[in-house]
Structures are given as structure tokens and as C-alpha cells.
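Reader: I should like to learn how to read the features of a protein model. Would you kindly guide me through one?

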Amino acid sequence: MSNSQENAQAINMAMNAGKTYFKEKYDLNVEFTRHKFNPPDLGTDVGLYGHLTEDPDTEVFLLINYETLDVVTASVPKELIKK
């Protein structure tokens, strides 16, 4: 598999895991619109940038390890976080 195919597969898996994370943790439906890999010497994380499916003006962010699919950090407007 080529490097670009591996990157595309890693992004696809990370985005799917990120959508599941936001749905399970915050009951939010999100759509990721762009990504940015961390430099390889800083680890195997990718930043996913997007917005709520039903509100494109409400942005979300997720930093996820694309090898383990463990979430490093997430950002969502605090008024949307349900207690």
C-alpha cells in the first residue's frame, strides 16, 4: 500500500472514530472538513477540524492518535456539553 493510501485510510478511520466519540460523549453529530498530521517526530496524532452537522457555524476539534484511535483532546463549545 502506498503512503498516500495509508494516510487516507488512517484519516478515514480517525474521522469515523471521532464521529463516534462526539456522539457517545456529547450526543453531537459532527462532520470533519479538514485534518492536519502532527510531524512524525511528535507522535502519531492527527488534528481533525469540523463542525456540527446541523450547525456549520459551530466548530469542533479533535486530536486523535491515528494508530490506536485514542482521543488525546477534544474541543466543543461548553454550552453544548451536557452534564
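Author: The following dialogue proceeds from the overall fold to the core and then to a single residue. Please note that this is a predicted model.

Reader: How many helices and strands are in the protein, and which pattern does the protein follow along the sequence?

Author: One begins by listing the elements in order. The protein has one helix and four strands, and along the sequence these follow the pattern α-β-β-β-β.

Reader: What is the radius of gyration of the protein, and what would a compact globule have?

Author: One compares the value with that of a compact globule. For 83 residues such a globule would have a radius of gyration near 12 Å; the protein has 13 Å, which agrees. Along the principal axes, the C-alpha atoms occupy a box of roughly 40 × 20 × 20 Å.

Reader: Which percentage of the contacts with a separation of 6 or more is between residues 24 or more positions apart?

Author: The share is 31% in this protein.

Reader: What share of the residues is buried, and what supplies the exposed area?

Author: Of the 83 residues, 30% are buried. The protein exposes about 5500 Å², and carbon and sulfur atoms supply 48% of this area.

Reader: How many positive and negative side chains has the protein, and how far apart are the centres of the two sets?

Author: There are 8 positive and 13 negative side chains, and the centres of the two sets lie 7 Å apart.

Reader: Where should one look for nonpolar side chains?

Author: In soluble globular proteins, nonpolar side chains tend to be buried together. Here, the largest nonpolar core has 15 residues, and those with the most contacts inside it are Phe 22, Val 30, Phe 32, Leu 48 and Val 60. The elements that each give two or more residues to this core are α1 (3-26), β1 (30-37), β2 (45-52) and β3 (55-65). Helix α1 gives the largest share, five residues.

Reader: Which residues does Phe 22 touch, beyond those up to four places away in sequence?

Author: With those neighbours set aside, the residues that Phe 22 touches include Val 30, Phe 32, Val 60, Leu 62 and Val 76.

Reader: Is Lys 19 buried, partly exposed or exposed?

Author: One reads the relative accessibility, where partly exposed lies between 20% and 50%. Lys 19, which is found in helix α1, has 36% and therefore counts as partly exposed. Apart from its neighbours within four places in sequence, Lys 19 is in contact with Val 30 and Phe 32. Lys 19 and His 35 are 16 residues apart in sequence, and their C-alpha atoms are 14 Å apart in space.

Key. Residues are numbered from 1 along each chain as its sequence is written. This is a predicted model: local features need pLDDT of at least 70, side-chain atom pairs count only at pLDDT 80 or more; totals for chains, interfaces and linings use all residues. Side-chain values use heavy atoms; hydrogens and water are left out. The radius of gyration is taken over C-alpha atoms; the globule rule is 2.2 Å times the number of residues to the power 0.38. Buried means under 20% relative accessible area, exposed over 50%, partly exposed in between (1.4 Å probe, protein chains only). Contact means heavy atoms within 4.5 Å. Accessible areas come from the Shrake-Rupley method with a 1.4 Å probe; for residues, only the protein chains shown count as cover. Lys and Arg count as positive and Asp and Glu as negative; His and the chain ends are not counted. The place of a charge is taken as NZ of Lys, CZ of Arg, CG of Asp or CD of Glu. A nonpolar core is a set of buried Ala, Val, Leu, Ile, Met, Phe, Trp, Tyr and Cys residues joined through side-chain atoms within 4.5 Å.
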